[in-house]
Amino acid sequence: MKRSFPREAQWVMTYQCELNRVSKYCSLGSHGREEASLQEKLAAIKILEAIGVKTLKLLGGEFFDQSGAEEILGALNASGLDFVITTNALAERRILAFAGSALFKPGSGLFFSLDFLDKRFTAGGCSTVKTLAAIELIPKLAELPFPPLLGVNTVIHNKNLGELPGILRWITGYNGYMNICPLIWGDWQKFIYRAPGKDMALGPEHRRCVAETMNVLSALKRQGCNLACSQRYVRGLADACCGGERFAWDCGSLKRLPLLRVDSDLSLMVCSDIRGEDVSKFRLDDLLDERHRAGFIEAWLNDADRTYCAENFGCYWSNMLRAVENFSNGGSFIK
Ligand SMILES: C[S@@+](CC[C@H](N)C(=O)[O-])C[C@H]1O[C@@H](n2cnc3c(N)ncnc32)[C@H](O)[C@@H]1O
């Protein structure tokens with residue numbers, strides 16, 4: 001396979017999430033599509049391998065709230081893919097059982113949503129529930145004889161800036177990694193993921209504090225803390241995200257597809273936010289055919305929804321920028 005195709009993929013394996021019942025914080029549940037069956041999901045893992053994907057991030061929805069999670073985990077573990085699951089930590093007993101029976105091969109594991117450490121702090125919505133669960137579970141996983149790769153995904157907003165250095169030191173103490181991503185916002189009916197409102201977003205009034213906090217994180221990374229983002233990403237965050245009107249980074253100038261994004265029905269997507277008028281006509285198994293693969297890349301580069309977003313909104317999704325930066329060496333969860 002020519003190296004014009006990404007080696008990194010993300011898959012919204014399910015939109016099911018028990019937290020949808022208790023919180024309106026995340027609107028992803030309402031975007032659910034007819035989901036692939038267990039057999040189709042198992043076959044899709046083989047397709048990803050066959051088309052040269054090496055690293056796979058599983059998002060949702062909640063991985064552990066879908067039926068067949070154990071079988072899927074077994075298939076991932078037996079595959080040639082390195083994988084991480086982003087999870088809300090609520091399935092504590094099952095996660096400990098999976099991890100305890102070595103269902104995570106070395107280099108694969110779990111990233112937990114964790115937005116603060118001070119238990120008096122609350123961002124509201126399901127962020128609080130998930131964070132409290134992760135604070136309890138991570139130390140237990142770290143104590144296992146063969147712990148999985150551990151990490152936290154911290155969404156940066158205008159309330160938790162002061163929490164970030166402490167989170168980085170804390171997770172490093174458990175040999176885990178911290179990924180950061182600003183709260184991505186923007187209101188367009190085609191957005192699936194990002195928050196429509198700006199109330200918790202970073203804005204011009206936060207720029208100084210964001211820049212100072214990023215300097216601290218960058219220094220901690222230099223001192224050996226496990227920040228799973230590049231120095232370039234960290235240093236660029238204040239300028240890219242505090243403009244007030246839009247994000248200063250966008251994917252409009254990219255000349256190649258950085259990341260393969262798969263939806264729960266195995267159709268393909270532009271990115272976390274957008275299905276894409278042209279891109280969504282392709283399905284994962286189309287990529288087994290070289291002509292379709294070329295057509296898909298063409299569709300991604302020219303998709304009108306992608307161009308519209310780039311011109312009007314932009315983003316600073318850590319996964320997207322990481323994939324762009326790591327394209328040549330094959331992707332990574334921790335760089
Ligand atoms: C929607 S969750 C789904 C995966 C899993 N169930 C969980 O709770 O971690 C995926 C990650 O995206 C983050 N996220 C959700 N909305 C976001 C936004 N608008 N901007 C940046 N990150 C966001 C969440 O905090 C979480 O860490």
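What is the handedness of the crossing of α1 and α2? Exercise 1 works up to that point. The model used throughout is predicted.

**Exercise 1. Describe how α1 and α2 sit against each other.**

Step 1. Start with the axes. Helix α1 covers residues 38–50. Its axis and that of α2 come within 10 Å and cross at roughly 15°.

Step 2. Turn the angle into a description. Angles under 35 degrees count as roughly parallel. That makes α1 roughly parallel to α2.

Step 3. Add the hand. The crossing of α1 and α2 is right-handed.

Step 4. List the contacts. From α1 come L38, K41, L42 and I45. They meet E71, I72, A75 and L76 in α2.

**Exercise 2. Find the buried face of α2 and its packing partners.**

Step 1. Pick out the buried residues. In α2 these are A69, I72, L73 and L76.

Step 2. Look down the axis. The buried residues of α2 fall within an arc of 100°, so they line one face of the helix.

Step 3. Name the partners. The buried residues of α2 pack against α1, β3 and α3.

**Exercise 3. Sort the residues of α3 into a buried side and an exposed side.**

Step 1. Helix α3 spans residues 92–100. Its buried residues are I95, F98 and A99.

Step 2. Check their directions. Viewed along the axis of α3, the buried residues stay within an arc of 95°, so they line one face of the helix.

Step 3. Turn to the opposite face. The exposed residues R93 and A97 lie there, away from the buried side.

Step 4. Ask what covers the buried residues. The cover includes α2 (69–78), β4 (109–113) and α4 (125–142).

Step 5. Follow the chain out of the helix. Just after α3, A102 takes a positive phi of about 55°.

**Exercise 4. Lay out the sheet and locate its edges.**

Step 1. Write the strand order. Eight strands run β6-β5-β4-β3-β2-β1-β7-β8 in an open sheet. The pairing is mixed.

Step 2. Find the ends. β6 (177–182) and β8 (268–269) stand at the edges. Each has a single partner strand, so one side of each has no neighbour in the sheet.

Step 3. Take one pair from the order. β2 (residues 55–60) and β3 (residues 82–87) pair in the parallel sense over four bridges. L56 has F83 in β3 as its bridge partner.

Step 4. Place a helix on the sheet. Helix α5 (residues 164–173) packs on the sheet and touches β5 (149–156) and β6. The direction of α5 makes about 175° with that of β5.

**Exercise 5. Decide whether the edge strand β6 is buried or exposed.**

Step 1. Count. Six of the six residues of β6 are buried. The strand is mostly covered.

Step 2. Split the strand by face. Y177, N179 and C181 lie on one side. M178, I180 and P182 lie on the other. Both faces are covered.

Step 3. Identify the pairing. β5 and β6 pair in the parallel sense over six bridges. V152 stands opposite M178 in β6.

**Exercise 6. Describe the packing of α6 and α7.**

Step 1. Locate the helices. α6 covers residues 207–222, and α7 covers residues 231–241. Their axes come within 7 Å and cross at roughly 165°.

Step 2. Classify the angle. The cut-off for roughly antiparallel is over 145 degrees. α6 and α7 are therefore roughly antiparallel to each other.

Step 3. Give the hand. The crossing of α6 and α7 is left-handed.

Step 4. Name the contacts. Those in α6 are R207, V210, A211, M214, L217, S218 and K221. They meet Q231, V234, R235, L237 and A238 in α7.

**Exercise 7. Classify E298 and T128 by exposure.**

Step 1. Place E298. It lies in helix α8 (residues 290–302).

Step 2. Apply the cut-off. A residue is exposed if 12 or fewer other C-beta atoms lie within 10 Å. E298 has 12, so it is exposed.

Step 3. Place T128. It is in helix α4. T128 has 17 C-beta neighbours inside 10 Å and counts as partly exposed.

Step 4. List the contacts of T128. Leaving out residues up to four places away in sequence, T128 touches T122 and A123.

Technical notes: Residues numbered from 1 in each chain as written. Predicted model: local features only at pLDDT ≥ 70, side-chain atom pairs only at ≥ 80, totals over all residues. Buried ≥ 20, exposed ≤ 12 C-beta atoms within 10 Å, placed from the backbone. Helix = DSSP H or I, 4+ residues; strand = E, 2+ residues; numbered from the N terminus. Arc of directions from axis to C-beta. Contact = placed C-beta atoms within 7 Å. Pairing = 2+ DSSP bridges. Axes fitted to C-alpha atoms, helices over the stretch in contact; angles between N-to-C directions. Parallel < 35°, antiparallel > 145°, perpendicular 65-115°, else oblique. Left-handed = near helix turned anticlockwise from the far one by under 90°.
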